[in-house]
Amino acid sequence: MVLRQTLAILGDAYRELNAKKMFWITLALSAFVVLAIACVGINSKGISVLWWTFPVDVFNTAIVSPALFYKLIFIGFGFKFWLTWAATILALISTASLIPDFVAGGSIDLMLSKPIARLRLFLTKYATGLLFVGLQVMVFSVASFLVIGIRGGVWDWKIFVAVPLVLLFFSYLYCVCVLIGIVTRSTIAALLLTVLFWFVLFLLHSGEQSLNLFKLNAEEQTATLEARAEPLSDQIAKSKAVIAQLSEAPTDETAEARGRREGELATKNASLTGLELRQQSTAKDLESYRASLGRLKLWHDVLFSVKTALPKTSETMELLQRVLTSSDETSKLEDAEQQRREERGTRRRDADAAKRDADNEADRGGPGFSPSVVRRQEEINRSRSVWWILGTSVAFEALVLAVACTIFVRRDF
Amino acid sequence: MTDFAIDLKDVDKLYGGVFSRRVHALRGVDMRVGRGEIFGLLGPNGAGKSTLVKILMTVIRATRAMGTVLGRPVGNKPTLARVGYLPEHHRFPDYLTGRQVIEFYGAMSGVSRHERRKRAAELLDFVGMGKWADTRVRGYSKGMRQRVGIAQTLVNSPDLVIWDEPTDGVDPVGRRDIRQMTVELKRKGTTVMLNSHLLSELEMVCDRVAILVQGKVSSQGTIDELTVHRQRYEIEVSAGDSHVDAGVRKALAGWLPDGALEGRLEGGQTLKANFDSPHLPALITVSTADAQPVQPIIDALRNARLTVRAVKPIRPSLEDLFMEAVTDPVTGRTLAPGAKEGA
């Protein structure tokens, strides 16, 4: 009987989705996205779109293999943009009404009067909400798999990791949508509050990433200043020793030699003053960086702790990139890009020295962040364990579901 | 196996709590529905009828409930596989056709695929919806939805069906059809519990009824049992040109001594005489459901050369019973609708 009921609920969910226009609109848009990806290609000169080729320095087959190119397009456009933003919003719009409709008077009475435990009924209904995304992402992944295989020449089964990842990502939001739907019985409230929750997660992630970048930058600056401070002290000590030596006039000093010594002494004194000023400035900067580093660490730790307790939507989606592309594959591309930046920087240095610094700064990937800082940030992100990303997110989902289940099981309808 | 399809003892439901108004919807309901009978649950708005039915169907959890449904404790989920339920204001998914609705709820009741397909076709014909079987529910009228609703309650060949306002929004032809379906179900041995405001409909089909008032069963039994003490015979008598009151007093002097208007027969039945005017027919009432005690009175009246114009056995209607149940015996006013507040 359990299997019969479960199949009936799943069948009904499929009919419901089938009846919703949004399901078919989303599927049509998915097909359009896959077709768009299929129209883009890469050759020895650059990127091609249908019959036209656009020369690009970095993107050509000498640097990027067609397989990697299509994988990057799939991850960057198909996965990160379409599946995790546009399709997710459409999926939320489609599924937000499932639970409020389900618990509406007249409908829920019929379901609860059947020989099925409330908990099982609720969890099965929850699973049907994920069916929408499951079907969409499965169709999209199959189509993308074919495009990457045919156009890129590589049949990479790992692309189907997108299915569980997108399902997990959507389930983080959907559990909140379900809880709000159960509590308020309102589709609009469920949808709007879920989108708000998603926005809060986005802000939290952006804040944590930005603070981490600033923290890493402060650490790097502190290390640079510390490295600069030590030679300065040595130089000052040496200068003082030289000045002390020069200050002592030999007994048989001629007037000419005295004049020379005093001139040299004045120069050394001036140099010492400069060094001392630099030391003071460095010490001041160091103190400032150390203080801000402490504050940044504190705030980053706070945000990181909050983030640990909440679903990690961005990191979950980043996992696909970890699975599909290796560091070796992307390093070639990164090196080529770095080289391109340097070449561009050199050309501009010759052309416009005043503009050079600003350009280089922009090229380093942000306002004042060096490539090494950005690289360290990426390394840290990649080093975050799958358990931390998925485990804590699923734990949050389980907690929210437990609350929703308790409300559903105990409520009088 | 118990003889009762439903046997409830001390069912209590208190809504609300710390943050909301407390409403005592059911206050110790004791009720029995025999197997194979058609049972009517009556009561004014807010009496707790739907709450009671929802407790039986596990839609609402009772604060306290003892008793059984089909021999199993109230709230036992597997028992519901043998029950068919039509809620009031039911709402079927409007993207399903009538056939799909029946098949879906059949599957939820554990009916096999083959069986529910067969049953769906039979039941759609049974409720007169065969022609509309493959039309989506969104295109149905209220009456058609009600018919499909009834059909889905029968897909699992239940031992007990509970219909909450089954004739709601149904035209007279549909009501007659539903009445016939009810009788047909009883003939097949199914217990039917009806919850309705249409007393005349219930009176036509119900074997037993219970009247629920302010969360308590005020009376229950067969309609005869409930009305036996209220049944009477009315004898209409005239005396031509003579004064009817004098003639009646004289004829019934043995039972109405000293010109009294009320007396007692040998069997303890009450006898009452009512005179509107000396020249208008008098009305004599004997409080009995049995015709035998009335015969000596008729004889006495005829011997006194009075004309017996009519002898009518009077049985109170369900509506009379209902109105009596919802009337405050002290003030004579109709009780306010709704459940009682507070514990």
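How many Å separate the centres of domain 1 of chain A and domain 2 of chain A, taken over C-alpha atoms? In this predicted model, for which local features need pLDDT of at least 70, side-chain atom pairs count only at pLDDT 80 or more, and totals for chains, interfaces and linings use all residues, the separation of those two centres is 52 Å. Residues are numbered from 1 along each chain as its sequence is written, chains are lettered from A and ligands numbered from 1 in the order in which they are written, and side-chain values use heavy atoms, with hydrogens and water left out.

The domain bounds, which come from an automatic or database domain assignment, place residues 2-210 + 385-410 of chain A in domain 1 and residues 215-300 + 346-382 in domain 2. In chain B, domain 1 comprises 35-57 + 78-212 + 220-226 and domain 2 comprises 232-314, with a distance of 48 Å between their C-alpha centres.

Between the chains, 29 residues of chain A are in contact with 32 residues of chain B, contact being defined as heavy atoms within 4.5 Å. The two chains bury about 2700 Å² between them, of which 57% is on carbon and sulfur atoms; buried area is the accessible area (1.4 Å probe) that two parts lose on being put together, summed over both. Of the area that chain A buries against chain B, 23% is supplied by A:R4, A:L110 and A:K114, more than by any other three residues.

Polar contacts, that is, pairs of N or O atoms within 3.5 Å, in which, within protein, one must be able to donate a hydrogen and the other to accept it, and for which residues adjacent in sequence count only if both atoms are side-chain atoms, link 17 residue pairs across the interface of chain A and chain B, both residues being at pLDDT 80 or more. The side of chain A that touches chain B has 13 nonpolar, 5 polar and 11 charged residues, where Ala, Val, Leu, Ile, Met, Phe, Trp, Tyr, Cys and Pro count as nonpolar, Asp, Glu, Lys and Arg as charged, and the others, Gly among them, as polar. The count of salt bridges between the chains is 2, a salt bridge being a side-chain nitrogen of Lys or Arg within 4 Å of a carboxyl oxygen of Asp or Glu; one of them joins B:K13 to A:D412, with the closest N and O atoms 2.5 Å apart.
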